[in-house]
Amino acid sequence: MATVTTGAATPEVLEEHWSETPGLGSFLTTVDHKRIGKRYLYTGLLFLVIGGVESLVMRIQLTHSNLHVVDPETYNQLFTMHGVTMMFLFATPVLSGFGNYLVPLMIGARDMAFPRLNAFGYWVFLGAGAFFYSSFVVHRLPDAGWFNYTPLSDSVYSPGPNVDFYALGLIFVGISTTAGSINFIVTILKMRAPGMSLNRMPIFVWGELAMALTVIFALPALTLANVLLELERRAGFHFFAAAGGGQPLLWQHLFWIFGHPEVYLVVLPALGIASAIIPTMCRRPMIGYTYIVLAEMAIALIGFGVWVHHMFAVGLPSMGLGFISLTSFLVVIPSGVQIFAWLATLWAGKPILKTPMLFVLGFIVLFVIGGLSGPMLAAIPLDQQVTDSYFVVAHFHYVLVGGAMFPIFAGIYFWAPKMTGRLLHEGWGKVSFWLMFVGFNALFFPMHILGLRGEPRRTYTYQAGLGWDFLNLVETIGAFVLALGILITFVNWVWSAKRGEPAGHDPWRGESLEWATTSPPAEYNFENIPTVRSREPMWDQPELGPHGQPAEAGGRGLGGGHNTLVTSLLEAEPEVVAPMPHESPWPLLLTVALLGIFLGLVVRSWVFWSVAAVAAVIATAGWFWPRGETQET
Amino acid sequence: MRCRRGPLAPGARTLPAVAVALTVGGCGGKTSVVSPKGPAARSVVGLWWPMLATATAVFVFVVGMLVLAAVRGRRKTEDDAAVTPGWGEPFIVVAGVVVSGAILVGFFLFSLQKVQALTDAGRRSKLTVSVVGHDWWWEVRYPNGAVSANEIHIPAGVRVRLALDTADVIHSFWVPPLGPKIDMIPGQHNTLWLQAGEPGVYRGQCAEFCGLQHANMIIRVVADAPADFDAWMAREAQPADDAATGGPGRPVFETQSCAGCHTVRGTAAAGTVGPDLTHFGRRDTLGAGVRPRTDGDLARWITDPQSIKPGAAMPPTTLSPADLRALVAFLEGLR
Amino acid sequence: MALTGEAPLLVPTGQPDERLPTVGTGTTNFGWWGMVLFIAVEATVFALLLASYFYLRFRSGPVWPPDGIEDPKLKLVLIMTAVLWSSSLPVHLAHAAIKKGDTKKLRAFLAAGFVLGATFLALQVAKEYPDIARHEFTPRTDAYGSMFFTITGLHGAHVFVGLLMSAWVQLRAWQGAFDRYRHVSVQNFVLYWHFVDVVWFFVLLTLYLSPHL
């Protein structure tokens, strides 16, 4: 490490310490949160395409009664992988991608707290995605639903490797999500720029924090459930099968203890995106910042007390159900608080209807609809009627697609200029929005009605004469309109990255620190780590510009080395100048070894997975092996 | 329109097909939650309409404010926008917490009251019917020994207790016009009260994903006038009579693979894997509702069931045309 | 060997008269936070697993353990408990030693803790498990057996990982990696080890003691 005598930093010195040599080497070893964040985004959107194509095939199959486009086995694989893909390989990673790219920029840091763990998280996500879809090569995609209820998923009723791909894949991808969440929490708590006390933190960052905390306490339930399932399927243990003294409902409890918070951990950062865009595009600070923050935390907390509402029809005693029903009603309140805070801000401000704002407004409309059908499912008798019907499918697509995918697209239009330096095309953006909005509603609104008319979920076909044909046709048309809208944004993005209008460092006149960098930002993000004196620093501190903050105004160059600043938890007082790790091949190598272990387990080859396990131990040792100085830092 | 159906006239071969066409074709409302045909479903709908009305009002308010805010914004300057109004935070608290909370708690209490009404603690039933879910059909047993499949006859206007179990994976019993569903779970005995207000056929299907043919696990609840029901149940408990089993089809049934899985009481066939067929000729459908019970469909179902219901446990059977005709006639005659 | 390490460099941050250390411990070190959160994940796993045990138990009927299995025998497990819990003392002393910069005591106490942990694991794997599997039940017998071996096995795996960490810290200590200012690895190992001991309290209570109630 270079010895530092003055604290000043120059771009040249920073460049020397932070730049990664272009080429394959740094492609495989990078630890730059911006490169990793973009990879999460691109890979996640690739899985959106895959999951989307799966849903289009399902929609074609259901266009009319008694069609035979795909056989029942294929259909079951399609809806299972559609759910798994959209939840674990699209929504969660894309929102992690935004977080990865934006959180360090928004809090004025130079990278995430654990850069190599960050790289590892991405590679594991990619490896897990490859693992899931390697089952496609052998035509053994998981087929017991994303909820994978036992005993249908046990070795008696699902003897093939399909469910093993599911269970092991989820354990695998869980490693990525957990690593990412620990990284987010430490980054957010310990790396905020001086002066950015918790009550000045951007709401988007609060959303990522709430998501990460939810992962810490929710994801273990899914991982545990899948470990137990594999022990039962592969080693003859008894947890779920009634025959050996197990309980089929144990799976459902564990799955939904994870599964309901999973919904919130997808929605929370997406709500954060909306809260980041609304003040900027309304030209005023958010009204009710504190209420929104409290609401996000309340959602994360109450989200752990509602899981049994997925099990209202399993025949549990009604006393306990009453409590869950109440919490399920009440969890609507914090969502409502956020919506009313946005409404107040929109009403008081001057909304500028550019594409990102259109997507946010569309999101609010859809999220309100999803939020209003929520209490209907919290009401026990009504839930017992419509659960497992298309009514539920409609509800959670309004919440998840409306509540997460629309904000994600708003985020693409809003922040892609930061990533590429060029604005997306506004006209095509609006075309894309309207196609998506109209297509979405044509696709999902009729599902409410079909559910009430008795159409169950997860059925590969339906009989003629039930009055279900027409609305199913409308839905299929809507699906293709929605897909066209999505496609237009993708083309727009690719086209604009090269030929779009130059964005400058702050195209929307934003209020948070990511706009105090060049577009795209330098490897080290900020020449000087800025000192923050307001909740909207870009609006209140005129000295902030594309090159951060000059030292005279409070910026800290940290001597220009490969360092970042550690600050205190509540008030963000500077504590330590911490050296940061450099590029490393070990995250990728460890991932390859892990992929080998999981593939070895699924093909039941002792040799294969033992060799991979040895490789994983070596890779772990390589990761932690001291290089250069023996002394710990 | 009403799809009332009386007891089958003897010899009316085509009647089941007509009945199927009428019940699943002409009466969309017969599968609908919001056209309740029994007290339980009616009770739920009493919760649904007020919730829908309230949701609509909230939607109109929020989206109205949203659109108006966007329209008003065009006339404003950025200086207007920078002013923080005094009503902002009180509005969030009042609309988001106080009003929303009151509405939500109100509906919570209302829904709990409905739960009380639906659980019927302490009520007695005159009739308990046992229903067992199988991959992918329904076994139905009556206290007098009658065994049927895929059709539950109940007396109209009478509260019937269903005892629900499963033979394999989790299924869920759901007949929307008659009321809420309940799952059938291994190692657990669930019950459901079933009551149809008036005679008719009510369609439902399995609501918990149970594998390949989850889509074709259809149940039909046939509510008869009480007198008709008593006659039906008494007849259903009888073995097949000589008139039905005297023809050339019986030996085909007994010697081919049929008897390995199916029971026809009064003959040598005593398999327990598939549905009891003792009174098959009185049912409206075959293959758990996948087809109406016509001769053509029945012949195809016997020779090539996998083309109709891929994955079902029933294997294809190769028969001479004469044997097939005899077998179809035998099955049709099981009344 | 010197009892104090070289104080970490204080580097200028770029603000007038402000110099900050380049090394943090505890809450000023990312690694410490990472370990705390990792332990939170692990604690959640154990909590869910123990909850699953009680769920199966209370839905299985009045007799527990089921299928004629006897209540757990306590003699061996209480010895194992004494061994495991006594290991927390040297581990604590190792931490106290390095906070003063005493690397010699660090290595000695680490080794003592290692021996006690390894003894626990050896008793579990070589004595307790074979005894039970031969005379009483296996993981395949029923849900009780599955739960018993899964929970104790997962705890044993954590002891094993703790031993690996202990060996790693020992190795790094010999390389001279730690002094009174730089020892976050020691800190993290100590945290993890105490966590594994605390988890054992709940495992003991649930699996061994509660069936006797």
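## How chain A meets chains B and C

In this predicted model, 49 residues of chain A are in contact with 44 residues of chain C, where contact means that the C-beta atoms of two residues, placed from the backbone, lie within 7 Å. On the side of chain A that touches chain C, at least two residues each come from α6 (162-190), α7 (203-235), α8 and β2 (574-579) of chain A. Those labels are DSSP runs numbered from the N terminus, with helices being H or I over at least four residues and strands being E over at least two. Sorted by class, this side holds 28 nonpolar, 17 polar and four charged residues. Here Ala, Val, Leu, Ile, Met, Phe, Trp, Tyr, Cys and Pro count as nonpolar, Asp, Glu, Lys and Arg as charged, and the others, Gly among them, as polar.

A word on reading the model: residues are numbered from 1 along each chain as its sequence is written, while chains are lettered from A and ligands numbered from 1 in the order in which they are written. Because this is a predicted model, local features need pLDDT of at least 70 and side-chain atom pairs count only at pLDDT 80 or more, whereas totals for chains, interfaces and linings use all residues.

Now to the other partner. Two pairs of chains touch, and the pair with the most contacts is A and B. Here 74 residues of chain A are in contact with 73 residues of chain B. Two or more residues each are given to this side of chain A by α4 (72-106), α8 (248-282), α10 (318-330), α11 (332-348), α12 (355-378) and α13 (380-386). The largest share, twelve residues, comes from α11(A). The class count is 47 nonpolar, 19 polar and eight charged residues. Chains B and C, by contrast, are joined by no contact, and their closest C-alpha atoms lie 10 Å apart.

Here are chains A and B in overview.

| Chain | Secondary structure | C-alpha box along principal axes | Buried |
|---|---|---|---|
| Chain A | 19 helices, two strands | roughly 80 × 60 × 50 Å | 67% of 633 residues |
| Chain B | eleven helices, twelve strands | about 95 × 45 × 40 Å | 44% of 335 residues |

A residue is buried if 20 or more other C-beta atoms lie within 10 Å of its own, exposed if 12 or fewer, and partly exposed in between. Chain A has a radius of gyration of 25 Å, close to the 26 Å that the globule rule gives for 633 residues, so chain A is as compact as a globular protein of that length. The radius is taken over C-alpha atoms, and the rule is 2.2 Å times the number of residues to the power 0.38. For chain B the radius of gyration is 26 Å, although a compact globule of 335 residues would have one near 20 Å.

Let's zoom in on Ala218(A), which is found in helix α7 of chain A. Ala218(A) counts as buried because 24 C-beta neighbours lie inside 10 Å. Leaving aside neighbours within four places in sequence, Ala218(A) is in contact with Ile257(A), Phe258(A), Pro261(A), Glu262(A) and Leu265(A).

Another spot worth a look is the pair α14 (residues 390-420) and α16 (residues 469-499) of chain A, whose axes come within 11 Å and cross at roughly 15°. These axes are lines fitted to C-alpha atoms over the stretch in contact, and angles run from 0 to 180 degrees between N-to-C directions. α14(A) and α16(A) are therefore roughly parallel to each other, the term for angles under 35 degrees (over 145 is roughly antiparallel, 65 to 115 roughly perpendicular and the rest oblique).
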